[in-house]
Amino acid sequence: MTDETIHFNLFTMNAVEHVTAGNWRTPGDQSHRYTELDYWQEVARLAERGGFDAVFFADVRGIYDVFGGSRDTAIEKAVQTPANDPELLVPAMASVTDHLGFAVTRSTTYVHPYQLARELSTLDHLTDGRLAFNVVTSYLESAAENLGLDERMEHDARYDRAEEFLRVCYRLWEDSWEDDAVVRDAEAGRYTDPEKVHAVDFEGDHFSVPGPHSCEPSPQRTPVLYQAGSSDRGRNFAARNAEALFVSQPTKEAVRSYVEDVRERAEERGRDGDDLAFFAGIAPVVGETEEVARAKYETYRENVDYEATLALLGGFMDLDFSELAPDQRVEHIETEAIQGAVNALTKHAPERDWTVRDVAEFCGLGSTSPVVVGSPEQVADELERWHDETGIAGFNVKEIVRPGTLRDFVDLVVPELRERGLVREEYEGETLRENMLGRRYLADDHPAKR
Ligand SMILES: Cc1cc2nc3c(=O)[nH]c(=O)nc-3n(C[C@H](O)[C@H](O)[C@H](O)COP(=O)(O)O)c2cc1C
C-alpha cells in the first residue's frame with residue numbers, strides 16, 4: 001500500500017468480550033448490549049464517523065475449555081461466551097452507514113464453500129460492496145466436536161482444505177457469471193442470458209461443486225479477503241490469498257519482520273507484495289490528558305481477570321495454564337491451535353523471558369498486541385511511529401471497554417490524526433476494496449484472477 005493515510009478496523013466480536021477478559025465489570029461498560037441491534041448500529045455510526053475502513057468481527061465455534069480441562073472458567077467469566085453469530089448483524093449495520101465496511105470471520109473447516117460463497121455474495125449485494133471475508137481455519141477442539149468431526153483437523157491439513165475451499169469460492173465469484181449476464185429484457189421475457197452463466201465443474205480432494213453460482217455478480221464479486229495466519233503454513237496461505245492481513249505481535253520489530261516476510265512470500269507467488277495491507281493490533285487507552293489516560297489504564301488493569309485471561313490464551317495456544325505456577329517461564333511449544341500466538345511471545349519477543357504472570361498481565365488488555373496509553377497527541381505520535389517504521393497500512397483497534405474505547409478513539413485520537421492529514425476526512429470510493437486498496441476488484445495478479 002502506498003497511500004500515506006492510516007487505516008483503521010474496529011476489532012470486535014458479537015459477544016460480551018473479545019480479547020480482553022474482565023473489563024465488562026468496568027463501570028459504564030456496555031458489553032452486555034451485544035444482543036441489541038441498537039448497540040451495533042451505534043458502533044457502526046461511530047466507526048464511520050472516525051473514517052474507519054471496517055468493523056471486523058471475530059468468531060469462534062466452540063468454548064474455551066483448555067484451562068483446567070473445563071469450560072467453567074470461560075462460561076463463568078464470559079470468555080468469548082456467550083457469543084452470537086456476526087454475519088447476521090451486517091445488513092442492520094450497513095443500513096445506518098454509507099461507506100463503512102464489514103469483515104466477517106468464517107471458518108473453511110466447518111462450512112461448505114458453495115453455501116458460504118452464496119451467503120457472502122448476498123451480503124456484498126446488500127451492503128453495496130462493503131463486505132470482507134476473514135478466512136480462518138479454526139483452532140478450538142470444542143468447535144470440531146460441535147460441528148460433526150471426531151477431533152480437530154490437523155493444523156496443516158486445515159490449511160490444505162482452506163486452499164481448496166477458496167479455489168471453489170474464486171471460481172463461483174469470479175468465473176461463473178459474466179458481467180453482462182443479467183439482461184432484464186422484459187419484452188423478450190429474458191432475465192438472464194444462459195450463455196453467460198457458466199458451470200465451474202470443480203473436482204478436488206474435499207469438494208465437488210459443479211455450479212454455476214446462484215448469485216449474480218455482486219459489486220466487488222470476491223469480498224475483500226482478510227487473513228491472520230502466522231505459522232509458516234499460515235503465512236504462505238496469507239501470502240497467496242490475502243489482501244488485508246492482521247498482525248498481532250507485541251513489538252514494532254516483530255510486526256515489521258512479519259510484514260517483510262509475508263510481502264516476500266507474496267512476491268515469490270507472483271503477487272505485488274506492496275499491495276498487501278497489514279493491520280497491527282493495538283489497544284488504545286486515551287484521555288484528554290495523559291493523567292486522565294493513566295487513571296483509566298489503572299482502572300482497566302484492576303479489572304483484568306487473571307484466570308479468564310489465561311483461559312482465553314490457553315484456547316489460542318492449546319496450553320493449560322492452570323498447570324503452571326505464576327512465576328513459571330512460558331516455554332515455546334508447537335501447537336495445533338494458533339501457532340502465531342505462541343510465537344508472538346516465545347519467538348518474536350523472547351527477550352522478555354515471559355512468566356505466566358507476565359503473559360497474563362501483558363495480554364489482559366490487548367492480548368498479544370500492545371496497549372498504548374496517553375493524551376490524544378501521545379497516542380497519535382505512537383501510531384504514527386508504528387505506521388512509519390513497520391510498513392503497515394494501519395491498525396486493528398482492540399476494545400477494552402465498549403463502546404468507550406471506540407468512542408474515546410474517534411472523539412480524541414482521530415481529530416488529532418486528521419489535523420496531521422493522516423486520517424481521511426471523506427471516504428474516497430464506494431466499496432470497501434476501493435476505500436482500503438484503491439481498486440474495485442481483486443488485483444490481476446491475485447490467484448483468483450489467474
Ligand atoms: C489478529 C488475529 C485475529 C484472529 N481472529 C480469529 C477469529 O476470529 N476466529 C478464528 O477462528 N481464528 C482467528 N484467528 C486465528 C487465525 O486466523 C489462524 O487460524 C490462526 O492464527 C492459526 O493459524 P497459524 O497457526 O498459522 O497462526 C486470528 C488470529 C489473529 C492473529
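This report walks through two neighbouring helices, a ligand site and one lysine in a predicted model.

**Helix α8**

Let us start with helix α8, which runs over residues 252–268. How far apart are the end C-alpha atoms of α8? They are 24 Å apart, and this agrees with expectation, because 17 residues at 1.5 Å a residue should span 24 Å.

Now look at which parts of α8 are covered. Its buried residues are K252, A254, V255, Y258, V259, V262, R263, R265 and A266. These residues cover an arc of only 165° around the axis, so they sit on the same side of α8. On the other side of the helix, E264 and E268 are exposed.

What do the buried residues of α8 pack against? Their partners are two helices, α7 (232–241) and α13 (376–390), together with the strands β10 (244–247) and β11 (277–286). After α8 comes G270, a residue with a positive phi, near 80°.

**Helix α7**

One of those partners, α7, deserves its own visit. Helix α7 is mostly covered, with 8 of its 10 residues buried. The buried ones are R233, G234, R235, N236, F237, A238, A239 and N241. They pack against α8 and β10, and also against β4 (131–136), α6 (155–175) and β9 (224–227).

**Around the ligand**

Next, find the ligand in the structure. It is surrounded by 21 residues, and the closest are A58, D59, H155, Y159 and S231. Three of the polar contacts with the ligand are set out here.

| Residue | Protein atom | Ligand atom | Distance |
|---|---|---|---|
| D59 | polar backbone atom | nitrogen | 2.8 Å |
| H155 | polar side-chain atom | oxygen | 2.6 Å |
| S231 | side-chain N or O atom | oxygen | 2.5 Å |

How much of the ligand does the protein bury? Taken alone, the ligand exposes 610 Å², and the protein buries 93% of that.

You can link this site back to the helices: H155 belongs to the ligand's closest residues, and α6, one of the elements that the buried residues of α7 pack against, covers residues 155–175.

**One lysine to find**

Finally, turn to helix α9, residues 290–303, where K296 is found. Which backbone atom does the side chain of K296 reach at 2.9 Å? It is the backbone oxygen of V286. Leaving aside residues up to four places away in sequence, K296 touches V285, V286, G287 and D408. Strand β11, a packing partner of α8, spans 277–286, so try locating V286 there when you trace the contact from K296.

Definitions and conventions. Residues numbered from 1 in each chain as written. Predicted model: local features only at pLDDT ≥ 70, side-chain atom pairs only at ≥ 80, totals over all residues. Heavy atoms only, no water. Helix = DSSP H or I, 4+ residues; strand = E, 2+ residues; numbered from the N terminus. Expected span 1.5 Å × (residues − 1). Buried < 20%, exposed > 50% of the residue type's maximum accessible area, 1.4 Å probe, protein only. Arc of directions from axis to C-beta. Contact = heavy atoms within 4.5 Å. Near = heavy atom within 4 Å. Polar contact = N/O pair within 3.5 Å; in protein donor to acceptor, adjacent residues only side chain to side chain. Areas by Shrake-Rupley, 256 points an atom, 1.4 Å probe, with all protein chains shown as cover.
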